[in-house]
Amino acid sequence: MFGMGSPKKPSSCANAVVTGAGSGIGRAFALEIANRGGAVLCSDINLAAAEETAGQITASGGQARACQCDVSDLGQVEALAKAADEHLPGDVDLVINNAGVGIGGLPIGETAIEDWHWTLGINLWGVIHGCHVFAPRLRKLGRGGLVNVASTASFSAAPLMGPYNVTKAGALALTETLAAELAGSGVAVTALCPTLVKTNINANGRIVGDSSKLFDRLMNRFGMSAERVVNDALNALDRGDLYVMPQFDARLIWRAKRLIPRTYALGTGLINRFGASRLN
Ligand SMILES: NC(=O)c1ccc[n+]([C@@H]2O[C@H](COP(=O)([O-])OP(=O)(O)OC[C@H]3O[C@@H](n4cnc5c(N)ncnc54)[C@H](O)[C@@H]3O)[C@@H](O)[C@H]2O)c1
């Protein structure tokens with residue numbers, strides 16, 4: 001949906017850098033890019049997890065290397081670009097800014113400021129660092145693609161998810177701006193905006209109390225597989241689509257937010273106040 005100029009060749013068959021490649025959506029990106037013939041530098045704050053992903057790729061005949069990178073640290077993202085130059089067989093022409101953490105369960109004012117900083121550092125600054133370091137390289141190359149893993153939280157404004165919503169809204173705004181800046185350059189830019197995906201995000205994050213239990217129940221029941229989400233995202237990138245919303249509920253929320261904004265805000269508030277306890 002919403003195409004903004006197609007790249008000349010599939011961007012998903014590439015020399016790729018994936019952040020947060022040790023689990024969930026990041027691992028699925030790394031495996032699928034390799035499956036499409038690309039070489040992948042799998043990076044993660046957890047080196048052992050990144051090595052496991054790279055090992056899965058090489059075990060099935062693909063090309064991959066692993067390295068440690070904390071995306072909240074600009075110096076480490078710059079080092080990641082250097083590692084890509086060293087380890088990939090050509091110029092980096094696909095960047096997946098995926099690393100992220102989950103947080104939720106407390107209202108604004110009760111969420112610790114330290115938790116705000118932690119979330120913004122990874123989910124927002126991590127994506128800013130990835131774009132800051134790799135966008136100029138892609139622009140110079142004049143081809144390839146960049147995917148920022150945003151979320152339906154970029155626009156859903158669901159209660160008790162303040163820090164997460166803010167980071168994902170920022171990631172979406174950044175992606176839209178970058179897409180405009182790179183329009184006509186040969187570089188495709190895509191924002192991935194899923195709802196629930198079956199990953200380790202709840203176990204790895206700071207979602208507390210009833211929200212954590214509810215999240216697990218909903219994710220197990222309705223969550224899409226990371227493989228399907230990633231397949232949709234890479235196909236969308238290859239078409240030159242700016243937005244990819246793999247699930248129906250994401251597309252519904254996107255439209256409701258624009259067509260009936262006040263009703264939408266009232267509805268999410270009431271669901272939070274009266275409905276969430278019943279779903280638990
Ligand atoms: N799972 C969902 O329902 C869902 C929905 C929408 C968007 N997302 C987004 O998808 C992305 C991937 O999350 P996931 O669901 O696969 O979770 P996950 O916890 O399974 O994987 C996240 C990976 O990121 C890594 N990571 C955490 N902090 C890091 C840092 N500072 N630097 C580098 N790597 C770091 C973790 O070690 C882990 O390997 C996140 O940006 C998340 O916000 C997830």
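**View 1. D44 and the ligand, up close.** In this predicted model, a polar side-chain atom of D44 sits 2.6 Å from an oxygen atom of the ligand. Backbone atoms join in too: a backbone N or O atom of I25 is found 2.8 Å from a ligand oxygen atom, and for V197 a backbone N or O atom lies 2.8 Å from an oxygen atom of the ligand. Zoom out a little and you'll count 28 residues surrounding the ligand. The closest of these are S23, D44, Y164, T199 and N204.

**View 2. Helix α1 packed against helix α2.** Here α1 (residues 24-35) meets α2 (residues 47-59), with the axes 10 Å apart and an angle of about 25 degrees between them. Angles under 35 degrees count as roughly parallel, so α1 and α2 are roughly parallel to each other. As for handedness, α1 and α2 make a right-handed crossing. On the α1 side, the contact uses R27, A30, L31 and A34, while α2 brings in A49, E52, T53, Q56 and I57. Sort the residues of this α1 and α2 contact by class and you get five nonpolar, two polar and two charged.

**View 3. Helix α3 crossing helix α4.** This one pairs α3 (residues 74-87) with α4 (residues 113-141); their axes come within 8 Å and cross at roughly 35 degrees. The crossing of α3 past α4 is right-handed. From α3, look for L74, V77, E78, L80, A81 and D85, which meet H129, G130, H132, V133, F134 and R137 of α4. The class tally for the contact of α3 with α4 is six nonpolar, three polar and three charged residues.

**View 4. Helix α4 again, now with helix α6.** The partner this time is α6 (residues 162-181), packed on α4 at an angle of about 10 degrees with the axes 8 Å apart. That angle is why α4 and α6 are described as roughly parallel to each other. The α4 residues in the contact are W116, T119, L120, N123, L124, V127, I128, C131, A135 and R139. Facing them in α6 are G162, P163, Y164, V166, T167, K168, G170, A171, L174, L178 and E181. Split by class, the contact of α4 with α6 has 13 nonpolar, five polar and three charged residues. Y164 of α6 may look familiar: Y164 meets α4 here, and is also listed among the closest residues to the ligand.

Methods:
Residues numbered from 1 in each chain as written. Predicted model: local features only at pLDDT ≥ 70, side-chain atom pairs only at ≥ 80, totals over all residues. Heavy atoms only, no water. Axes fitted to C-alpha atoms, helices over the stretch in contact; angles between N-to-C directions. Helix = DSSP H or I, 4+ residues; strand = E, 2+ residues; numbered from the N terminus. Parallel < 35°, antiparallel > 145°, perpendicular 65-115°, else oblique. Left-handed = near helix turned anticlockwise from the far one by under 90°. Contact = heavy atoms within 4.5 Å. Nonpolar A, V, L, I, M, F, W, Y, C, P; charged D, E, K, R; others polar. Near = heavy atom within 4 Å. Polar contact = N/O pair within 3.5 Å; in protein donor to acceptor, adjacent residues only side chain to side chain.
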